[in-house]
Amino acid sequence: NLSDTLKKLKITAVDRTEDSLEGCLDCLLQALAQNNMETSEKMQGSGILQVFASLLTPQSSCTAKVANIIAEVAKNEFMRIPCVDAGLISPLVQLLNSKDQEVLLQTGRALGNICYDSHEGRSAVDQAGGAQIVIDHLRSLCSITDPANEKLLTVFCGMLMNYSNENDSLQAQLINMGVIPTLVKLLGIHCHNAALTEMCLVAFGNLAELESSKEQFASTNIAEELVKLFKKQIEHDKREMIFEVLAPLAENDAIKLQLVEAGLVECLLEIVQQKVDSDKEDDIAELKTASDLMVLLLLGDESMQKLFEGGKGNVFQRVLSWIPSNNHQLQLAGALAIANFARNDGNCIHMVDNGIVEKLMDLLDRHVEDGNVTVQHAALSALRNLAIPVVNKAKMLSAGVTETVLKFLKSEMPPVQFKLLGTLRMLIDAQAEAAEQLGRNVKLVERLVEWCEAKDHAGVMGESNRLLSALIRHSKSKDVIKAIVQSGGIKHLVTMATSEHVIMQNEALVALALIAALELGTAEKDLESAKLVQILHRLLADERSAPEIKYNSMVLICALMGSESLHKEVQDLAFLDVVSKLRSHENKSVAQQASLTEQRLTVES
């Protein structure tokens, strides 16, 4: 009898006899309840949707039922565009101004379903100005806690969610309309209502991805509300939802601090304690999420310092206890947390004095053979950061850190190689003895030369070059230079002098000047085949070269005069012209060095 009903409905719609209209609508609702898809197909074929547009009037007693039918029909993906084409959006948005709660509820459902995953639906609601009216309703109804009103609020939140989901410009529009403070308020007032709470959380998760939302969130008490809600949750799924909101929000430094002050850290530590020995999949996932979030909170300077509490803080102590644990996830989080705590000299000095280095070395020792790459990377990051303050270098060297780090020389993993190189470079900074010891280590030097050619991994390549140069600069040792020459490292230092980073160019030039001063005879052939003299000519002639590059290039030219073949190259390239121009350079040191170099070139010629 569905076909009959549809025919009858068309006639009745014209006559507007409310009673028979009502009967037809009830019949449609019944058919949709029994088989939504088939009924929707029949309705689309009958052209009844266009008739609905005329039935959506505020005066009619059947309006709520018509909106309900549209909501049911729009559950089918294939019906959403036909609903838009039938001109239903504009009258539905007009109905959002109704005072009738049932009309509002069914209209909100209809619009929400039409917007679900439908670009056309969203666009039409946007043009009709639906979002602003819904936000105004949320604001005015926010404080009323009776069940019917909460149901309406839930539908409206869901409608905004479907409207803006995965659409940056519509999300930005909602943020500009001030939806965030309203949603935060809703969450606070209706935290006892599971359905509404869930809708708010999904909406937050949607909006929190946008950078522009973070400022607004930071000006509300979202941190407090989320932590309060989190403490009440026992179910894994609900906690997971809250985590999904917390993670993007915690990328903002102001919110990090608010979350720390609201007591999130204590919740996270408790979860870790509860789940650490469990082998259930949910528990393992929750342990990972909690410990990852903990590390994220430590990325903010203020939140990190607050939790460090001069190294006496309960949180810091608890994180320390993760490092010797047998759980890889906790070892990883512990090492990353230490690397984050080690972001200022005071913290680093305190931690080294209190035995953190030994804990990290033990951890690395446990992961030498087929170890966990992420744990290796994190522990090396922590050691590298701890080695930055000058007073820590000697202490860490005497604790045997270099020996531990060198065990990973055979690693084939670029992230581990990168951190290993950075750690060694930090440790030997201005430590002549350690630099000499490492520079005589043929295995290390050969590996460095090999990594200097790691074209696929610019970071590893750059760090290898910098460490080669550092071994020479800090040791000033002939033996180290010989080891580097024998391993074929000279050409890499010459290439490094052409780097796009001034700091690396400079480090290379200083190392090359030391080679020329201490072991020119040994390095002569390699310097020649690497075309060092041509490169220096280019650096001096290039107006874009930094003053320190020009200065050190000239120092190097003077040092190369001791070699007959290199001297001849210098003469052939007419260096005098370039150097004499630099005598009037605005930088005094460059100008002085140009005069000295000119004299040297003139005398030697």
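**Exercise 1. Is Val 533 buried or exposed, and what is its relative accessible area?** Locate the residue and list its contacts.

*Solution.* The model is a predicted one, in which local features need pLDDT of at least 70 and side-chain atom pairs count only at pLDDT 80 or more, while totals for chains, interfaces and linings use all residues. Residues are numbered from 1 along each chain as its sequence is written, and side-chain values use heavy atoms, with hydrogens and water left out.

Step 1: Val 533 lies in helix α36, where helices are DSSP runs (H or I, at least four residues) numbered from the N terminus. Step 2: its relative accessible area is 0%, so Val 533 is buried; buried means under 20% relative accessible area, exposed over 50% and partly exposed in between, with a 1.4 Å probe and protein chains only. Step 3: apart from neighbours within four places in sequence, Val 533 is in contact (heavy atoms within 4.5 Å) with Leu 560, Leu 566, Glu 569, Val 570, Leu 573 and Phe 575. Step 4: the C-alpha atoms of Val 533 and His 567 are 9.1 Å apart, although 34 residues separate the two in sequence.

**Exercise 2. Place Ser 545 and Asn 465, and decide the burial of each from its relative accessible area.**

*Solution.* Step 1: Ser 545 sits in the loop between α36 (532-541) and α37 (547-560), and with a relative accessible area of 14% Ser 545 is buried. Its contacts, leaving aside neighbours within four places in sequence, are Leu 539 and Lys 550. Step 2: Asn 465 belongs to helix α32 (residues 458-475) and, at 9% relative accessibility, counts as buried. With the neighbours within four places again set aside, Asn 465 touches Cys 452, His 492, Leu 493 and Met 496.

**Exercise 3. Compare the expected span of helix α26 with the distance between its end C-alpha atoms, and describe what covers the helix.**

*Solution.* Step 1: the expected span is 1.5 Å times one less than the number of residues. For the 14 residues of α26 (residues 373-386) this should give 20 Å, and because the end C-alpha atoms are 20 Å apart, the two values agree. Step 2: α26 is mostly covered, eleven of its 14 residues being buried, among them Val 375, Leu 380, Arg 384 and Leu 386. Step 3: the elements covering these buried residues include α23 (328-341), α24 (345-353), α25 (356-366), α27 (390-398), α28 (401-406) and α29 (414-428).

**Exercise 4. Describe how α20 packs with α17 and with α19.**

*Solution.* Step 1: helix α17 (residues 236-249) and helix α20 (residues 281-297) pack at an angle of about 25°, with axes 11 Å apart; axes are lines fitted to C-alpha atoms, for helices over the stretch in contact, and angles run from 0 to 180 degrees between N-to-C directions. Step 2: α17 and α20 are therefore roughly parallel to each other, since angles under 35 degrees count as roughly parallel. Step 3: His 236, Arg 239, Glu 240, Phe 243, Leu 246 and Ala 247 in α17 meet Asp 282, Glu 286, Thr 289, Ala 290, Leu 293 and Leu 296 in α20.

Step 4: the axes of helix α19 (residues 264-275) and α20 come within 9 Å and cross at roughly 145°. On the α19 side the contact includes Leu 264, Leu 268 and Ile 271, and on the α20 side Leu 287, Ala 290 and Met 294.

Notes
Helix = DSSP H or I, 4+ residues; strand = E, 2+ residues; numbered from the N terminus. Parallel < 35°, antiparallel > 145°, perpendicular 65-115°, else oblique.
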